[in-house]
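I opened this notebook to keep track of what I looked up, beginning with the nonpolar cores and then turning to backbone angles.

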Amino acid sequence: MSYQALYRKYRPKTFDEVQGQDAVVTTLKNQLKSGRVGHAYLFCGTRGTGKTTVAKIFAKALNCENLTENGPCCECSRCKAIEDGSSMNVVEIDGASNNRVDDIRQIVDEVKYSPVDGGKKVYIIDEVHMVTESGFNALLKTLEEPPEYLVFILATTDPQKVIPTIQSRCQRYDFKRISVETIISRMRDLLDREGVAAEDRALNYIARMADGALRDALSLLEECVSYYFGEELTFDKVLNALGTVDQTTYHEMTRAVMEGQVDMVVSSVEHLVATGRDLIQFAKEYVWYLRNLLIIKTSENARQLIDMSDENVDTLRNFAAGLEEEQIIRYIHVVSRLITEMRYSPNRRVVFEVALIRLCRPQMERDYDSLIDRMKVMERELETMKDCLEGGRYPQAAGVHAQSGNSAAGQSPSAPAKPVRPPAVPEEVQEVVRNWSHVEQAVSAKGNGLMHSHLSSAVLSVDVDGNLVLGMKEPMALGYFTENHEKLEALQEIIDEMTEKHVGIVVKDFTEAKTRAENADLRSLLPNVTIVEED
């Protein structure tokens, strides 16, 4: 006999072999025992939960010559004929490829003929939600008043698409997702029969990856066993065979995002690509990891809601302590959108990197979800400035800040001390604006051509605190100063040297036309200077 996949080779043949669907199995067995069998059933549930398998067992039981307590005997001629597909009493139809009204009319014509050797005539229509509305209407009359010998079993993963008139004529059974423990038990049983050794941790990971679908779990298991044929299946081997990563990678990725370490995030992506990891699968797993963090932050019964060891739950709890709930929700939103974007992108890596950089740079966004992250960035920078002041160092970036929330960091202890200059008064700042061309010349003299270009297009003003306001009209110019602290520090040093005073600098976002219209350039108002109110 040719090779069969594990999920086919060990497909349950009786009700007692069905895993994780006790409520459905018990009800069907009681109907068989009492003789109260319906004429139409609707089996609903996600893929791989046993809908078609239970339908076949029920069909065999309806035709079995020696029905037992656990369903069909699997020994009589009828059972064997149904099992090998030669029986005329059980007909399996794929609703996806036989969904037209003509296909359904053919079924209606066939059901007029009674079973050839007694028993029941059973039609199993898989993926029935793919049938067209006209096809459903053609089936409706037969489904409502079928012959006594006829039973319909409709299986679907999307019951909402089955029209209500069909649903109302069926007994509906919902197949629930199979628990991780049940999937592990089934895999362990099959591996023992196959003579394959496997770590509990490896099976646990496969079961969680299957997301409640036993068939998916067996397919993943078979892939791993084939990859490491003749070897014990370990957790690391499963990760390598499936192209996934362990929890440590997600910890490190999240920590890098929290701290805004773009270099580390991009390097992590480089490592994932170099080791052949699938970026979409990584993103899916990352969303699940973030979901677990959110559950730990919001639920008192996290251990019951997360399928992992107590040790891993404690590790997640310690890690989640440094995150806000709003932060985690924002991460989930961004990564969830990323999964969809990558499916249709010709360059998944670039889309992936851009999304992670957005997570690292919340100041690049203007939505509510990013607000908490932007506040976190400001808090870290204020702490840095506080440490500098307590250490007796004058922070170079004092008075230098950006509308987006970025502030230049204080001087490092090893840097030469900068002269402490008195703060400039508003009149002196206005004089800087009046002689702005001199500032641009000084910038060019130091070889900063790109900075000169951005400054020449800036909108200049002075706020109520006496700070020099640079309104940037282009996103590139805005990012040049808000994301490169050293650039802002270089401009600060040039202006301070020219004035021999400390001039506070504020970089604002003037990329919107409305903002530019509301804030005129101070150079056009001199000598009648207007002070711009702080937002």
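The entries below concern a predicted model.

Entry one, the cores. I looked up the largest nonpolar core and found that it has 42 residues, and that Y289, L290, L293, M342 and F352 are those with the most contacts inside it. I then asked which elements give two or more residues to this core, and noted α12 (247-258), α13 (262-274), α14 (279-298), α16 (310-320), α17 (325-343) and α18 (348-360). Of these, α14 gives the most, with 12 residues.

I next followed F352, and, leaving aside its neighbours within four places in sequence, I recorded that F352 is in contact with V269, L279, F282, A283, L338 and M342. Apart from the largest core I also found another one, of 32 residues, which includes L190, L191, I206 and F235.

Entry two, the backbone. I looked up E127, which is not a glycine and yet has a positive phi of about 50 degrees. I placed E127 in the loop that runs between β3 (121-126) and α6 (133-144). Is E127 buried, exposed or partly exposed? I wrote down that E127 counts as partly exposed, because its relative accessibility is 24%, which falls between the limits of 20% for buried and 50% for exposed.

I then turned to E500, which also is not a glycine and has a positive phi of about 55 degrees. I found E500 in the loop between α24 (485-499) and β9 (505-509). With a relative accessible area of 59%, E500 is exposed, since exposed means over 50%.

Definitions and conventions
Residues numbered from 1 in each chain as written. Predicted model: local features only at pLDDT ≥ 70, side-chain atom pairs only at ≥ 80, totals over all residues. Heavy atoms only, no water. Core = buried A, V, L, I, M, F, W, Y, C linked by side-chain atoms within 4.5 Å. Buried < 20%, exposed > 50% of the residue type's maximum accessible area, 1.4 Å probe, protein only. Helix = DSSP H or I, 4+ residues; strand = E, 2+ residues; numbered from the N terminus. Contact = heavy atoms within 4.5 Å.
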